[in-house]
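Colleague: I have not looked at this one before. Could you take me through the ligand and then a helix?

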Amino acid sequence: MASESSTLNDVERTDKRYVFGTWSYQSEVSPTQVVSGDGARFTTADGEEYLDLSGQLMCSNLGHSADRVADAIAEQASEGAYFAPGYATEARAKLGEKLAEVTPGDLSKTFFSTSGTEAVEAAIKIARFYTGKQKILSRYRSYHGATYGSISVTGDPRRLAAEPGIPGTIKAPDPYAYGSTLEPMESIEYIDEMLELEGDTVAAVLVEPIVGSNGILVPPDEYLPRLKEIAHDHGALLICDEVMAGFGRTGEWFGCDVFDVTPDIMTMAKGLTGAYQPLGATIVTPEIADHFEENMFCHGHTYAGHPVACAAGLAAIETYERENLIERARETGAYLGDRLEELGADHPSVGEVRGIGMFRGIELTKSPTERVPFGHREDKVSKGTTVVDEVAARAADEGVYVANMINTLIIAPPLVLTTEEVDEGVDALDIALEHAD
Ligand code: PLP
């Protein structure tokens, strides 16, 4: 899909000249102009249509033509686009109430922001204020955002450029059965020991319930309940970062619903508006909310609870409900999983296919027996393309967009994807992977 710079059109050339490309060497940025989207497809300026197997950045859960959300945005913008956070708006109040309804357990009071990274920043601050402790324990195979607090708790190589980051962050091993020397449930006992050795100084354990961009890692059923127990035993809160796993992606509303666990704090963004507006949210239990009745909640942004973004969030949740998208994700996701398993079995370059619902990963490896360990593989910190980049580029030649992170293809399509589109996508991946074997 990426155009050669010599063939960039006017918009692409202007964009390249005046706008920073994210997470990239600017010399390698070669933007493709997108002009429209419909359902699980989008179209570029040169008229090429792509099936979106990754929901852009794993966020376009509703597909590219959710009219209810678009209408709600237009209506709110014309009625009153922005009022300061000190004022209540119907959109914000109703979205807060709705989130208390769809999130697990007694999570009930939300701080709104504008992105996943800000949702994580708020979670860190709330945990520190509430517990009076400073340390946050997170895991190596994780991504929590790009601002200083959230990149400091991120474990993957993207954190390196920002190190040392904020003080008081500790990293632990992950439940990565395929590529780690520790079994998932051994890794959790390791965390237990770390918390013991840190004494009573850790405010929170922060995890993605199902790891997203670091490879779609689904832990064993017992993992998250045990993690909550361990955290609480050591006086630490459990924060679940649902920015990518939330809003139907797993076939449940949230990743932690898969394991029947209610965290103390939960972060959301991406699917919260189906990417129709930038919106982040951090929801907490009543005990944590109560703490701030008489202790100042020392946090906020100009656009905290922006009415247009909240109207989009509310309409997005209504769309998930009315179109049964969570159930559909479960059903289509099961079919997707079967098709990807078959695909993996046909290609020696596929190390492991894993995931749940509409949240799947294909980890590539140099050979079926060689499990390239973390940190020793080519990754996005190095300049140049990787094997996974090349597979994604070949998939684009076949009319399919697939995101790739480190050494994994991330399959996280809009939840409106049909089984016919699953077949179309898997067939394209089959051709794309042929050259990697
Ligand atoms: N947390 C998780 C689990 C994510 O996957 C991401 C982004 O991919 C973030 C936080 C950061 O979100 P944003 O890019 O909206 O700042």
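Modeller: Starting with the ligand, one of its oxygen atoms lies 2.8 Å from a backbone N or O atom of T117, where a polar contact is a pair of N or O atoms within 3.5 Å. This is a predicted model, in which local features need pLDDT of at least 70 and side-chain atom pairs count only at pLDDT 80 or more, while totals for chains, interfaces and linings use all residues. Residues are numbered from 1 along each chain as its sequence is written, and side-chain values use heavy atoms, with hydrogens and water left out.

Colleague: Which atom of the ligand is 2.6 Å from the side chain of D241?

Modeller: That is a nitrogen atom of the ligand, and its partner is an N or O atom in the D241 side chain. An N or O atom in the side chain of K270 is 3.0 Å from an oxygen atom of the ligand.

Colleague: And how much of the ligand does the protein bury?

Modeller: The protein buries 82% of the 390 Å² that the ligand exposes when taken alone, with areas from the Shrake-Rupley method and a 1.4 Å probe.

Colleague: Switching to helix α4, which of its residues are buried?

Modeller: The buried ones, meaning under 20% relative accessible area with a 1.4 Å probe and protein chains only, are A91, L95, G96, K98, L99 and V102. They sit on the same side of α4 because they cover an arc of only 165 degrees around the axis, taken from the directions from the helix axis to the C-beta atoms.

Colleague: What is on the other side of α4?

Modeller: There E90, E97 and E101 are exposed, that is, over 50% relative accessible area.

Key. Polar contact = N/O pair within 3.5 Å; in protein donor to acceptor, adjacent residues only side chain to side chain. Helix = DSSP H or I, 4+ residues; strand = E, 2+ residues; numbered from the N terminus.
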